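This report covers salt bridges, nonpolar cores, cysteines and a surface patch. The model comes first.

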Amino acid sequence: GLEFDALLAMYVIDTSFKEDVYAIYRYFGFNIKKEDRQISLFDNQDSKSSIEIAYYALKCAPKAFSEIEKLGCLKLYKDIDIKLAGVLAEMEIEGFPLDKNMLIELGKSFQFELEKYKNAIYDLAGEQFNIDSPKQVGDILFNKLGLKPLDKKMSTSVEVLNELRKYHPIVDNILQYRKYAKLMSTYVTSLAGHVKDDGKIHTIFNQALTSTGRLSSSEPNLQNISTRDEESKQIKKAFYYHDNNYSILSLDYSQIE
């Protein structure tokens, strides 16, 4: 059974402390020399540092428990944080099935839309330029096409473009281009690249990262998949289980933290 985790202990003591095992051990009075390479429990090579990390976790546990108890948080640590760590580990190992082929097909349709809007922008601008460059977009909108900037910096943020869309059709096309570019880079390309040999994505749930205590997700982030429009909803359809007895349940506590 899992009894102690130095990172979670430090998180209870100070949520602003950086997620660095070496810094955490220094806090408890143990100075371990940091290895240059990445430390991994799955590394086949012998690692003196990995052994030290495991050993000093045992050594700093009494100090950590003492500090947590002084804060009145021992029950929180033992009954919630440590138990949750086991649950999250099971979730990470289980993973999320993702239909990579479906995602690739979605990517093809998104790429088609991207090219369509890119060509429309070039036609309306009368020249080719880097649409991914805010500076070049600003130059086209405000210097060449004569649109009035809303601030001195000639911002091309979404908020600004939404204000300008009624003045020239190119603005709508830029907004649509950005939407499909984000779908491709943030979701299609990123998610497909994280699918392992078992056909699943094994994201990392960060239990000790946010100052509010909520979980975050990384490599990849599965908590930022939007459902604001139909295209984003299509991304979520790529997550599935072959067995019809299973469903994926999505819950949103709406700022309850």
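## Salt bridges

E231 is buried, at 18% relative accessibility. Here buried means under 20% relative accessible area, exposed over 50%, and partly exposed in between (1.4 Å probe, protein chains only). This is a predicted model: local features need pLDDT of at least 70, side-chain atom pairs count only at pLDDT 80 or more, and totals for chains, interfaces and linings use all residues. Residues are numbered from 1 along each chain as its sequence is written, and side-chain values use heavy atoms, with hydrogens and water left out.

The structure holds eight salt bridges. Each is a side-chain nitrogen of Lys or Arg within 4 Å of a carboxyl oxygen of Asp or Glu. Three of them are tabulated, including the one made by E231.

| Acid | Base | Closest N to O |
|---|---|---|
| E231 | K179 | 3.2 Å |
| E127 | K144 | 2.9 Å |
| D79 | K75 | 2.9 Å |

E231 sits in helix α9 (residues 230–237) and K179 in helix α8, so 52 residues separate these distant parts of the chain. K179 is partly exposed at 22%. E127 lies in the loop between α5 and α6, while K144 is in helix α6; the pair ties together parts 17 residues apart in sequence. E127 is partly exposed at 35%, as is K144 at 43%. D79 and K75 are four residues apart in helix α4, about one helical turn. D79 is partly exposed at 36%; K75 is exposed at 62%. Helices are DSSP runs (H or I, at least four residues), numbered from the N terminus.

## Cores

A nonpolar core is a set of buried Ala, Val, Leu, Ile, Met, Phe, Trp, Tyr and Cys residues joined through side-chain atoms within 4.5 Å. The largest has 39 residues, of which L103, L141, L191 and I235 touch the most other members. Elements giving two or more residues are α5 (100–125), α6 (134–144), α7 (158–164) and α8 (169–193). The largest share, 13 residues, comes from α8. A second, separate core of 25 residues includes V12, I24, F28 and A61.

## Cysteines and surface

There are zero disulfides (cysteine sulfur atoms within 2.5 Å) in the whole structure. For C60, the nearest cysteine sulfur is that of C73, 17 Å away. C60 is buried at 0%, and C73 is buried at 19%.

L84, V87 and M91 form a nonpolar surface patch with about 210 Å² of accessible area together. Patches take residues with over 30% relative accessible area and no salt bridge, joining like charges within 9 Å and nonpolar side chains (Val, Leu, Ile, Met, Phe, Trp, Tyr) within 5 Å. Areas come from the Shrake-Rupley method with a 1.4 Å probe; for residues, only the protein chains shown count as cover. L84 is found in helix α4 (residues 74–94).
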